[in-house]
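Trainee: I would like to learn how to read enclosed space and helix geometry in a model. Where should we start?

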Amino acid sequence: DTEGLLRIKEENQKHYRRAQRHQEKKEKIQRHNRKLGDLVEKKTYDLKTQYEHLANLRRSHILELTSVIFPIEEVKTSMRDPADVSSESDNAMTSSTVSKLAEARRTTYLSGRWVCDDHNGDTSISITGPWIILPNNGDYSAYYNWVEEKKTTQGPDMEHNNPAHTISAALCYATQLVNTLSLILDVNLPKKLCNRQVKTQQGNPEFCGENLSRHKFTRAVKKLNANILHLCFSQHVNLDLLHPLHTLRNLMYLVSPDTENLGR
């Protein structure tokens with residue numbers, strides 16, 4: 001029994017010494033983890049700082065781009081509310097008639113159906129200048145209506161102020177701006193749109209090339225709107241401000257200085 005007790009004591013001492021070594025190793029690992037934790041925290045802070053610096057650079061480049069080369073502004077029109085005009089001409093008009101006229105003014109016949117548009121007749125959105133504008137409600141029917149007329153009408157086109165020309169130019173500039181924004185923000189666009197005036201390996205130029213049929217034009221506009229919405233989502237633009245048909249208005253909200261997350 002005495003010999004067995006001695007063997008047990010020796011084994012206990014060995015276990016105790018081993019436990020001490022394990023404890024020292026544990027403390028060493030804990031110190032190393034604390035150092036790594038402090039290093040990771042510092043690196044995380046540095047990375048966050050670099051991200052903020054990069055976001056500020058992107059933001060400054062975008063604001064410079066949209067103020068010098070691609071200014072986007074809201075253009076007010078002089079059209080008066082028909083409800084106001086009618087009420088001035090007929091003092092006996094009832095309130096229900098006024099409300100019906102106001103409601104009719106806020107609706108637009110777009111692509112075979114009536115859609116609600118609170119900005120109809122009030123404003124248009126311009127890009128690169130007040131003479132290149134797009135309808136605020138997304139109704140670009142003037143373009144393909146003009147294309148259909150050109151098919152039946154022979155001779156050179158002398159109508160330089162044709163709305164189809166401004167629509168084509170505005171959409172072309174919008175495509176170029178969106179492609180440039182995707183490079184600055186490092187965001188891959190879901191749809192491929194070419195804005196060059198020559199044929200490239202990526203495909204035919206959109207809007208600024210030959211006259212597009214209604215199907216091709218509508219398809220290109222949908223692709224452009226999808227890219228703009230994708231950029232808006234990536235920069236956390238307020239969803240309540242966006243509308244799937246408002247091409248330049250969505251783009252204006254995206255590059256607005258009031259967009260807090262622009263450049264993220």
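Mentor: This is a predicted model. Start with the lining of the largest cavity, whose residues divide into six nonpolar, four polar and one charged.

Trainee: How is empty space found, and how many cavities of 30 Å³ or more does a search of the whole structure find?

Mentor: Rolling a probe the size of a water molecule over the atoms shows where empty space is left. Here the search finds one cavity of 30 Å³ or more, with a volume of about 40 Å³.

Trainee: Which residues line the largest cavity?

Mentor: Ile 125, Leu 134, Pro 135, Asn 136, Gly 138 and Tyr 140 are among them, as are Leu 245, His 246, Thr 247, Leu 248 and Arg 249. Two elements, β5 (133–135) and α7 (247–254), give two or more residues to this lining. The most comes from α7, with three residues.

Trainee: What span should the 23 residues of α5 have?

Mentor: Take the expected span of a helix at 1.5 Å a residue and compare it with the distance between the end C-alpha atoms. For α5 the expected span is 33 Å and the end C-alpha atoms are 32 Å apart, so the two agree. After α5 comes Asp 186, with a positive phi near 60 degrees.

Trainee: How far does α1 reach from its first C-alpha to its last?

Mentor: Helix α1, residues 2–68, reaches 97 Å, close to the expected 99 Å.

Trainee: Which residues of α1 are buried, and what covers them?

Mentor: The buried residues are Gly 4, Ala 55, Arg 58, Arg 59, Ile 62, Leu 65 and Thr 66. Their cover includes β1 (72–76) and α5 (163–185).

Technical notes
Residues are numbered from 1 along each chain as its sequence is written. This is a predicted model: local features need pLDDT of at least 70, side-chain atom pairs count only at pLDDT 80 or more; totals for chains, interfaces and linings use all residues. Side-chain values use heavy atoms; hydrogens and water are left out. Helices (H or I, at least four residues) and strands (E, at least two) are DSSP runs, numbered from the N terminus. The expected span of a helix is 1.5 Å times one less than its number of residues. Buried means under 20% relative accessible area, exposed over 50%, partly exposed in between (1.4 Å probe, protein chains only). Contact means heavy atoms within 4.5 Å. On a 1 Å grid over the protein atoms alone, a cavity is a set of points where a 1.4 Å probe fits but cannot get out, and a pocket is an open set with protein on both sides within 12 Å along at least five of seven lines; lining residues have an atom within 4 Å of a point. Grid points are joined across faces, edges and corners, and a volume is the space filled by probe spheres set on the points. Ala, Val, Leu, Ile, Met, Phe, Trp, Tyr, Cys and Pro count as nonpolar, Asp, Glu, Lys and Arg as charged, and the others, Gly among them, as polar.
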